[in-house]
Amino acid sequence: MLLGEPLVLWRDASGAARAFRDVCVHRGTALSLGRVEGGELVCAYHGWRYRGDGACTAIPQLADPARVPPRARAAAYPTRERYGIVWAALEPPPRPIPDVAELEDAAWRTVSTGPFPWACDASRQVENFTDFGHFAFVHPGLLGDPDHAVVAPYEVRTDGHVVRYAYGRPDAPNTEAFPVFAAHERKEATRRTGYALHLPYTIVEHIDWGGADGLVYFFASQPVAADACVGYCLVARNYNLEQPDDVIQAFERTIFAQDQRVVESQRPERVPFDLAAELHLTFDAVAVAYRRAMRAHGFA
Ligand code: FES
Ligand SMILES: [Fe+2]
């Protein structure tokens, strides 16, 4: 599901991921009921066959099944595969998928966490990912400390469709259950974090501790419908390379579950992009910048 539109996802003969509107042009049957055979998608109802580009190649009910009328096509959407994620767009995408060198660098280990399906609009899930004022209250002991809830001043810069900000804060220690942060070679006890929020729903986050150890988060929220989204979160690091993936996966499952109950309770389900709708204080500068930029780019 993308923006309320059901899609069928499959792989053609070359192994390429394809995304079609999940509707057969013949009688409106969901193509996702069908099967993939010989590199083609075969409708479950009358067996019409579709190629990766959407063209129908055969109509078995015709004496000559290859005499396919030109209107017999599936609506094929642009699709790309990168970082282990299949990306589909309902229109030709105006911008490329953000480049994150670490995710394609053999010296880094990338862990795929989630997916995280939440009952809210993608904007709420993304805004929660940008929000660090809640760490002390929603993730005490894991990402923050209720006795150190003050948010130090920080700058937000908006470059076109990218909202950027950075801050440093006292590091939260590793817990025994989740030793996910770099514990060695720290030059300072400050965790330095830089965010790039690519409108509307993708975030690249770089974390370091002043030394060579680095942690990169890549988060994208799939806008399923007005009240549903799915978060995909990749976590890459260049330390603790032997650590099994399930440590970070279990950590993120815990963190996202703590966020989910809070965010699904928010009303309205979608971020209200009118700045008068909620109460913003100076430390909410990211939320304000996100709302302004979303409006400016027509995503509100
Ligand atoms: S509805 Fe798909 S082949 Fe008839
Ligand atoms: Fe959170």
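Tyrosine 290 is a useful place to enter this predicted model, since, leaving aside residues up to four places away in sequence, Tyr290 touches Ser123, Val126, Glu127, Leu197, Leu199, Pro200, Tyr201 and Phe273. Tyr290 also belongs to the largest nonpolar core, a set of 46 residues, where Tyr290 is among the members that touch the most others, together with Phe132, Leu215, Tyr217, Cys233 and Phe251. Within this core the largest share comes from helix H3, residues 245-264, which supplies 6 residues. As a general background, nonpolar side chains in soluble globular proteins tend to be buried together.

Three of the neighbours of Tyr290, namely Ser123, Val126 and Glu127, lead to helix H1, which covers residues 122-130, while Tyr290 is itself one of the residues that helix H4 brings to the contact with H1. The axes of H1 and H4, the latter running over residues 285-296, come within 10 Å and cross at roughly 145°, and the crossing is right-handed. On the side of H1 the contact is made by Ser123, Arg124, Val126, Glu127 and Thr130, and on the side of H4 by Val286, Ala287, Tyr290 and Arg291. Sorted by class, the residues of this contact divide into 4 nonpolar, 2 polar and 3 charged.

H1 has a further helix partner in H3, the helix already met in the core. The axes of H1 and H3 come within 11 Å and cross at roughly 125°, and H1 and H3 are therefore oblique to each other. Here too the handedness can be stated, for H1 passes H3 in a right-handed crossing. From H1 the residues in contact are Arg124, Gln125, Asn128 and Phe129, and from H3 they are Phe256, Asp259 and Val263. By class, this contact of H1 with H3 holds 3 nonpolar, 2 polar and 2 charged residues. Arg124 of H1 is listed in the contact with H3 and also in the contact with H4.

Stepping back to the whole protein, one finds 4 helices and 16 strands, and a C-alpha trace that spans about 75 × 50 × 30 Å along its principal axes. Of the 300 residues in the protein, 45% are buried. When contacts with a sequence separation of 6 or more are considered, 55% of them are accounted for by residues 24 or more positions apart. The surroundings of Tyr290 offer an example of such pairing across the sequence, including the contacts with Ser123 and Leu197.

Methods:
Residues numbered from 1 in each chain as written. Chains lettered and ligands numbered in written order. Predicted model: local features only at pLDDT ≥ 70, side-chain atom pairs only at ≥ 80, totals over all residues. Heavy atoms only, no water. Core = buried A, V, L, I, M, F, W, Y, C linked by side-chain atoms within 4.5 Å. Buried < 20%, exposed > 50% of the residue type's maximum accessible area, 1.4 Å probe, protein only. Helix = DSSP H or I, 4+ residues; strand = E, 2+ residues; numbered from the N terminus. Contact = heavy atoms within 4.5 Å. Axes fitted to C-alpha atoms, helices over the stretch in contact; angles between N-to-C directions. Parallel < 35°, antiparallel > 145°, perpendicular 65-115°, else oblique. Left-handed = near helix turned anticlockwise from the far one by under 90°. Nonpolar A, V, L, I, M, F, W, Y, C, P; charged D, E, K, R; others polar.
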